[in-house]
Amino acid sequence: MSQLTGGPPSDGEPRRTGEARQTGRAGRAGGPGDAEQWRGVERGLLRMRRTLLTAVSVPLAVVLGPLLWLTAGPWWAVLAAAPAAAALWGWRAIARNWASWRYSERDDDLLIERGVVWRGLTVVPYGRMQLVEVTSGPLERHFGLARVQLHTAAATTDAHIPGLAPEEAERLRDRLTELGEARSAGL
């Protein structure tokens with residue numbers, strides 16, 4: 001994938017933490033030649049998700065192998081390799097998903113892009129925001145992360161940005177709240 005689609009750079013390395021870059025995208029989210037400043041999410045989100053994957057798949061393989069050996073025989077114990085194979089596939093899939101998350105603050109709205117197979121672009125106009133929430137659960141706090149959740153008048157809004165540094169999440173919340181109040185006052 002190229003950097004324009006949010007995937008890792010062509011050299012195979014995932015993009016850097018919080019990387020911002022300019023992209024000119026004709027016909028996508030803005031007009032022709034409209035340059036946008038895209039920011040990625042923190043690398044801690046990748047570490048957190050990979051830690052969860054390892055915490056589930058390794059014990060499963062370690063317990064499943066001897067259990068199948070004792071109950072069904074040595075040939076059935078080979079099935080214990082399935083969680084390990086799934087973990088190896090998941091390791092790369094998690095990296096690609098992490099690299100796909102990015103956001104851009106424009107003059108009138110916030111763009112949130114994510115997804116590898118099913119890509120999504122959410123455009124949230126500042127004047128439509130009713131509540132901007134910053135949350136951080138125990139696991140997220142352990143990895144130094146926070147999540148920004150945007151609430152609008154639409155009941156189906158699912159605009160959120162996971163894996164931000166707490167300082168960046170608070171900065172974004174304050175900026176979005178300020179812009180939302182200014183834009184809604186003009187309605």
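Helices here are DSSP runs of H or I at least four residues long, numbered from the N terminus. That numbering matters for a salt bridge inside helix 4, where R171 and E168 pair up with N and O 2.8 Å apart. These two residues sit three places apart in helix 4, so about one helical turn separates them. The model is a predicted one, and the rest of this passage walks through it from the overall layout down to single residues.

Starting with the layout, the protein has four helices and eight strands. Read from the N terminus, the order is β-β-α-α-β-β-β-β-α-β-β-α. The protein has 187 residues, and 40% of them count as buried. Take the contacts between residues at least 6 apart in sequence, and 49% of them turn out to join residues at least 24 apart. As for the outside, the protein exposes about 10,600 Å², with carbon and sulfur atoms supplying 59% of that area.

Next comes the pair formed by helix 1 and helix 2. Their axes lie 9 Å apart, and the helices pack at an angle of about 170°. Angles over 145 degrees count as roughly antiparallel, and helix 1 and helix 2 are therefore roughly antiparallel to each other. On the helix 1 side, the residues making the contact include R43, L45, L46, R49, L53, L60 and L64, while helix 2 brings in, among others, P83, A87, G90, W91, I94 and W98.

The loop between these two helices, helix 1 (43-72) and helix 2 (81-100), is where W76 is found. W76 is exposed, because its relative accessible area is 52% and the cut-off for exposed is over 50%. W76 also belongs to a nonpolar surface patch of about 550 Å², which it makes together with W75, V78 and L79.

What about the charged side chains? A search of the whole structure turns up six salt bridges. One of them joins R171 to E105, with the closest N and O atoms 2.7 Å apart. This pair ties together distant parts of the chain: R171 is in helix 4 (residues 166-185) and E105 is in strand 3 (residues 102-105), 66 residues away in sequence. R171 is partly exposed at a relative accessible area of 31%, whereas E105, at 19%, counts as buried. The helix 4 partner of R171 mentioned at the start, E168, counts as buried too, with 16% relative accessibility. In fact, E105, E168, R171 and R175 are all linked in a network of salt bridges.

Another salt bridge brings R173 and D174 together, at 3.2 Å from N to O. R173 counts as partly exposed at 27% relative accessibility, and D174 is likewise partly exposed, at 44%.

The last stop is T152, which lies in strand 7 (residues 146-152). Is T152 buried or exposed? With a relative accessible area of 14%, T152 is buried, since buried means under 20%. Setting aside neighbours within four places in sequence, T152 is in contact with V124, R128, M129, Q130 and T157.

Note on methods
Residues are numbered from 1 along each chain as its sequence is written. This is a predicted model: local features need pLDDT of at least 70, side-chain atom pairs count only at pLDDT 80 or more; totals for chains, interfaces and linings use all residues. Side-chain values use heavy atoms; hydrogens and water are left out. Patches are made of residues with over 30% relative accessible area and no salt bridge: like charges are joined within 9 Å, nonpolar side chains (Val, Leu, Ile, Met, Phe, Trp, Tyr) within 5 Å. Accessible areas come from the Shrake-Rupley method with a 1.4 Å probe; for residues, only the protein chains shown count as cover. A salt bridge is a side-chain nitrogen of Lys or Arg within 4 Å of a carboxyl oxygen of Asp or Glu. Buried means under 20% relative accessible area, exposed over 50%, partly exposed in between (1.4 Å probe, protein chains only). Contact means heavy atoms within 4.5 Å. Axes are lines fitted to C-alpha atoms, for helices over the stretch in contact, and angles run from 0 to 180 degrees between N-to-C directions. Angles under 35 degrees count as roughly parallel, over 145 as roughly antiparallel, 65 to 115 as roughly perpendicular and the rest as oblique.
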